[in-house]
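Work through the exercises below with the sequence and the coordinates open beside you. Each task is followed by a solution that proceeds step by step.

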Amino acid sequence: MITVSKKWIRLIGIVGCTVWMASCKQASDAGVKSSSYAVMQIEAADKEFSSSYSASIRGRQDIDIYPQVSGTIEKLCVTEGQKVRRGQSLFIIDQVPYKAALKTATANVEAARAALGTAELTYKSNKELYAQKVVSEFSLKTAENSYLTAKAQLSQAEAQEISARNNLSYTEVKSPSDGVVGALPYRVGALVGANMPYPLTTVSDNSDMYVYFSMTENQLLALTRQYGDMDEALKNMPEVELRLNDNSVYNKKGVIESISGVIDRQTGTVVARVVFPNESRLLHSGASGTVVVPSIYKDCIAIPQTATVRMQDKTIVYKVVDGKAVSTLITVAANNDGREYVVLDGLKAGDEIVSEGAGLVREGMQVK
C-alpha cells in the first residue's frame, strides 16, 4: 500500500508540473499577443466626406392670391396645376358695378372740368372789372376762391376716376409671376373679398426651387474655419445633392446660396438655402427631402477612428516612438463619415501611430 501511494504521488507531481509549464507558456503567449498592435504611417491625401440634412422644398416664390375688390366670381381662367405666365388672367370677378362706378367717376370729371372752366372765366372777368374799378375787391376774391375750389374739385374727381378704373382692373385677377397654379377652393358664383380667410389660389414659381435645411452651430463653425470665412465658404463650397422622399437622387445638383447669420436661440441652428434648377418640374413646393453636403479636404491627414480615444471633449492618439506608445492630443474636423477623422492639428505626415485598439494601449507600453 505504501509503494502504491508513492507512485501515485510521483505521477500527480509530474502531471502538475506539466500543467504548470503549459499554463506559463499560454500566459507568455498571451502577453506577447496583447502587446502587439497594428500601426500605420501617416500620409497626406485628399479626402471627401458628406453630411446629410433633412430639408424642406419651396418654390422660389409662393404667392398667395387675394382679390383686391369684393364680388362674385364670374369666370375661372385656369385649372389646378396649370403653368401660367406673369400677367395672365386667373379669375374674373363681376364687373358690372365697377363699370358703372367708372362711368359715374368719368362723368364727375367732365362736370368738374366744366365747372372749372366757368369759374376761370368768372375770375378773369372779375379781374378785368376790378382793374377798371367796376367791381369790389370782395367780388374779385370770391371769384378767385370759386376758381380754386373748382380746380380742387376737378382734381378730386380725377382721383376718383383713377380709383374707379383701378377697381375695375382689379376685377380681373392676374398672376403676379410665372409659376404653377395651386388649389382652387373657390368656384364660379362664390362671393370673395380682400378680407377672405384663405387665398383664391397660390402661384408657385418653381422654375428654380429653394431647399432649406438647418445646421448646428458647431457645423457652422467648422465650415467657417475650413474656408476661412463665410463669404469664401459660399463662394467655394462644392455643389450639393438632393435625395428625394423615395430615396432617389435628384438628377440636378444645387448650390448653397445663403446661410443665415443668426443662430436660433431655441434650436441652436442656422438655416441654409440651396437653389436647385427645376426644368422638369419634378420638385414641388411643400415637399421634403435630404440635402447631402460634401466636405472636401485637400492634402489632409486622415486616420481611422479606431486609432483614437475620446476623453470628454479631447481626442487622443498614440504615436509610436522607439517602439513605445506616446499619447498625443489632436484636433479633428467636425465632419466625418463614421470611419475616419480628418486631423487638423497634432499629427504630421511621416508620424507612426497605433491604428487599432487604441483604447487598450497605455502610456509607454511596448507596441512594436
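The exercises that follow concern a predicted model, and they go from the whole chain to single residues.

**Exercise 1. Overall form**

Determine how many helices and strands the protein chain has, and decide whether the chain is spread out or a compact globule.

*Solution.* Begin with the secondary structure, in which the protein chain has five helices and 18 strands. Next, take the radius of gyration, which is 42 Å, whereas the globule rule gives 21 Å for 368 residues, so the protein chain is more spread out than a compact globule. The extents can then be set beside this result: along its principal axes the C-alpha trace spans about 170 × 50 × 35 Å. Finally, consider burial and contacts, where 33% of the 368 residues are buried, and where, among contacts between residues at least 6 apart in sequence, 75% join residues at least 24 apart.

**Exercise 2. Surface and charge**

State what share of the accessible surface belongs to carbon and sulfur atoms, and how far apart the centres of the positive and negative side chains lie.

*Solution.* The accessible surface of the protein chain comes to about 22200 Å², and carbon and sulfur atoms hold 53% of that area. For the charges, count 40 positive and 40 negative side chains, and then locate the centre of each set; the two centres lie 5 Å apart.

**Exercise 3. Helices H2 and H3**

Compare the end-to-end span of H2 with the expected span, do likewise for H3, and find what the buried residues of H3 pack against.

*Solution.* For H2, its 36 residues at 1.5 Å a residue should span 52 Å, and the end C-alpha atoms are 53 Å apart, which agrees. For H3, residues 137-170, the 34 residues reach 49 Å from the first C-alpha to the last, close to the expected 50 Å. Turning to burial, the buried residues of H2 include Leu102, Ala105 and Val109, while those of H3 include Tyr147, Leu154 and Glu161. An α-helix has 3.6 residues a turn, so residues three or four places apart point the same way. The buried residues of H3 pack against helix H2 (96-131) and strand S6 (172-174), and those of H2 pack in turn against H3. After H2 comes Lys133, whose phi is positive, near 60 degrees.

**Exercise 4. Glu161**

Decide whether Glu161 is buried or exposed, and list its contacts beyond four places in sequence.

*Solution.* Glu161 lies in helix H3. Its relative accessibility is 16%, and therefore Glu161 counts as buried, the cut-off being under 20%. With neighbours within four places in sequence left aside, Glu161 is in contact with Leu102, Ala105, Thr106 and Val109; among these, Leu102, Ala105 and Val109 are themselves buried residues of H2.

Note on methods:
Residues numbered from 1 in each chain as written. Predicted model: local features only at pLDDT ≥ 70, side-chain atom pairs only at ≥ 80, totals over all residues. Heavy atoms only, no water. Helix = DSSP H or I, 4+ residues; strand = E, 2+ residues; numbered from the N terminus. Rg over C-alpha atoms; globule rule 2.2 N^0.38 Å. Buried < 20%, exposed > 50% of the residue type's maximum accessible area, 1.4 Å probe, protein only. Contact = heavy atoms within 4.5 Å. Areas by Shrake-Rupley, 256 points an atom, 1.4 Å probe, with all protein chains shown as cover. Lys, Arg positive; Asp, Glu negative; His and termini not counted. Charge placed at Lys NZ, Arg CZ, Asp CG, Glu CD. Expected span 1.5 Å × (residues − 1).
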